[in-house]
Amino acid sequence: MTGPRTGPAYDPAALARRARAQLLPEHYDFIAGGAGEERALRENEDAFARLALLPRVLRGGPGSGTRVTVLGREWPAPIFVSPTAFHRLAHPDGELATARAAAATGTPLVTGMAATTAVADVVAAARARDPEAVVWFQLYLQPEHEVTAELVRRAERAGCSALVVTVDSPVFGSRTRDLRNGFHDLPPTLAAENMRDLPGAAPGGTRDIAMWPAGWDDLRRLRDLTDLPLVLKGVLHPADARTAVEQGVDALLVSNHGGRQLDAAPAAVEALPAVADAVAGRIPVLVDGGVRRGTDIALALALGAVAAGVGRPVLWALATGGEDGVTELLSTLRADFAQVLALCGGHRPGDLTADQVVARGFPYRRPKGEPAW
């Protein structure tokens, strides 16, 4: 017996290979690469592969769906597009195509501070497809407060509904592939457009994005600047998670920066349970890093996240199919997650629980202190 065909087959590794054939080698390596020996990069995916889902059965009941509520907004599925830089390296339409595809599928988009399209244009492209499209702006706090303030004002004017403050980058990670390729700057026709015409820049010119050791005081100054929700991205240690809650942060995004900063960092999904425990439901916890399939999204939710972000696959889809490619990717991931949810005995994302996650291998040994089923 064969089941109905619900959509195109999705092979994330094949998608990456097709993108590699489309892109200049140094551009592919910039997107694909990580820090150091790329252990954190590999572990993001490998950690998901070491986990299995224990399905529940005979849990019939009316109604089912994939909707979740995050920061007061209902999302069609617990999936969002994580911030990634320089989409126009992947496709001439760049962030505009990504924004249109995300809006068309109802997928929230976090547009990067290092985007090759200004935030106002990204939001406009998304809202042209869906006036209610959710777009958040990624923000690196800058040493000059007036620069940070101007970036915040631009995000507010554009209509972004949250700031995703990336806090894992006191210095740049050592990107081995970029060093090998001598890739240190964008082609002359491209620029980080959000950094144009900022205080201290020449008229019409751009500034570099500064990586520096910001502190909690700087975060408090940001809080005084804006009423937008603050999502702290790059939190891995539970003590930092507790401090963030105490400081009034609105949500956390567990992330190791796609393996591009500290190569010794754990996989994001490995850090997730301790952060979720520290937060104890007081604010939403999201996660990104290595998310490739519906099973990864389900595992993330079972371990305490309310939604999971996808990064590099969006750029692979953009490189190989432009806007249509990203639309297909996001639609396929949503359908894949819905199927996994049903196969796990869930009706809604919140039905996935930590007791359904086990390490692969036989026999399964219940951890000490865990209650018997």
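**Exercise 1. Is Glu323 buried or exposed?**

Solution. This is a predicted model, so every value used in these exercises is computed from it. The step needed here is a comparison with a cut-off, since buried means under 20% relative accessible area. Glu323 has a relative accessible area of 17%, and therefore Glu323 counts as buried.

**Exercise 2. Find the salt-bridge partners of Arg100, and state which parts of the chain the pair of Glu323 and Arg100 ties together.**

Solution. Begin with the general idea: side chains of opposite charge can pair when their charged atoms come close. The cut-off to apply is that a side-chain nitrogen of Lys or Arg lies within 4 Å of a carboxyl oxygen of Asp or Glu.

Step 1. Between the side chains of Arg100 and Glu323 the N to O distance is 2.8 Å, and the two meet in a salt bridge. Glu323 belongs to helix 12 (residues 312-343) while Arg100 belongs to helix 4 (residues 94-104), so this pair ties together parts that lie 223 residues apart in sequence.

Step 2. Arg100 also forms a salt bridge with Asp93, where the closest N and O atoms are 3.9 Å apart. Asp93 has a relative accessibility of 37%, and so Asp93 counts as partly exposed.

**Exercise 3. Describe the salt bridge between Arg220 and Asp217, and then place it among the salt bridges of the model.**

Solution. Step 1. The closest N and O atoms of Arg220 and Asp217 are 1.9 Å apart, and the two residues form a salt bridge. Both residues lie in helix 8 (residues 216-225), where they are three residues apart, about one turn of the helix. With a relative accessibility of 36%, Arg220 counts as partly exposed.

Step 2. Elsewhere, Asp29, Glu38, Arg177 and Arg180 are joined into one network by salt bridges that share partners. By the rule used in Exercise 2, the count comes to 18 salt bridges.

**Exercise 4. Describe the largest pocket and the second largest pocket by volume, lining and residue class.**

Solution. Step 1. The largest pocket has a volume of about 1200 Å³. Its lining consists of 47 residues, and those closest to its centre are Phe30, Ala85, Phe86, Phe172 and Arg175. Helix 2 (25-32), helix 3 (39-49), helix 7 (176-181), strand 11 (307-310) and helix 12 each supply at least two residues of this lining, and the largest share, three residues, comes from helix 3. Sorted by class, the lining of the largest pocket has 20 nonpolar, 16 polar and 11 charged residues.

Step 2. The second largest pocket holds about 390 Å³ of space. It is lined by 19 residues, of which Thr166, Val167, Asp168, Ala214 and Gly215 lie nearest its centre. Helix 8 and strand 8 (230-235) each supply at least two residues of this lining, and strand 8 gives the largest share, three residues. By class, the lining of the second largest pocket divides into 13 nonpolar, four polar and two charged residues.

**Exercise 5. Decide how the protein chain compares with a globular protein of its length.**

Solution. Step 1. The protein chain has 12 helices and 12 strands. Its radius of gyration is 20 Å, close to the 21 Å that the globule rule gives for 373 residues, so the chain is as compact as a globular protein of that length.

Step 2. The C-alpha trace spans about 65 × 45 × 45 Å along its principal axes, and 53% of the 373 residues count as buried.

Key. Residues are numbered from 1 along each chain as its sequence is written. This is a predicted model: local features need pLDDT of at least 70, side-chain atom pairs count only at pLDDT 80 or more; totals for chains, interfaces and linings use all residues. Side-chain values use heavy atoms; hydrogens and water are left out. Buried means under 20% relative accessible area, exposed over 50%, partly exposed in between (1.4 Å probe, protein chains only). Helices (H or I, at least four residues) and strands (E, at least two) are DSSP runs, numbered from the N terminus. On a 1 Å grid over the protein atoms alone, a cavity is a set of points where a 1.4 Å probe fits but cannot get out, and a pocket is an open set with protein on both sides within 12 Å along at least five of seven lines; lining residues have an atom within 4 Å of a point. Grid points are joined across faces, edges and corners, and a volume is the space filled by probe spheres set on the points. Ala, Val, Leu, Ile, Met, Phe, Trp, Tyr, Cys and Pro count as nonpolar, Asp, Glu, Lys and Arg as charged, and the others, Gly among them, as polar. The radius of gyration is taken over C-alpha atoms; the globule rule is 2.2 Å times the number of residues to the power 0.38.
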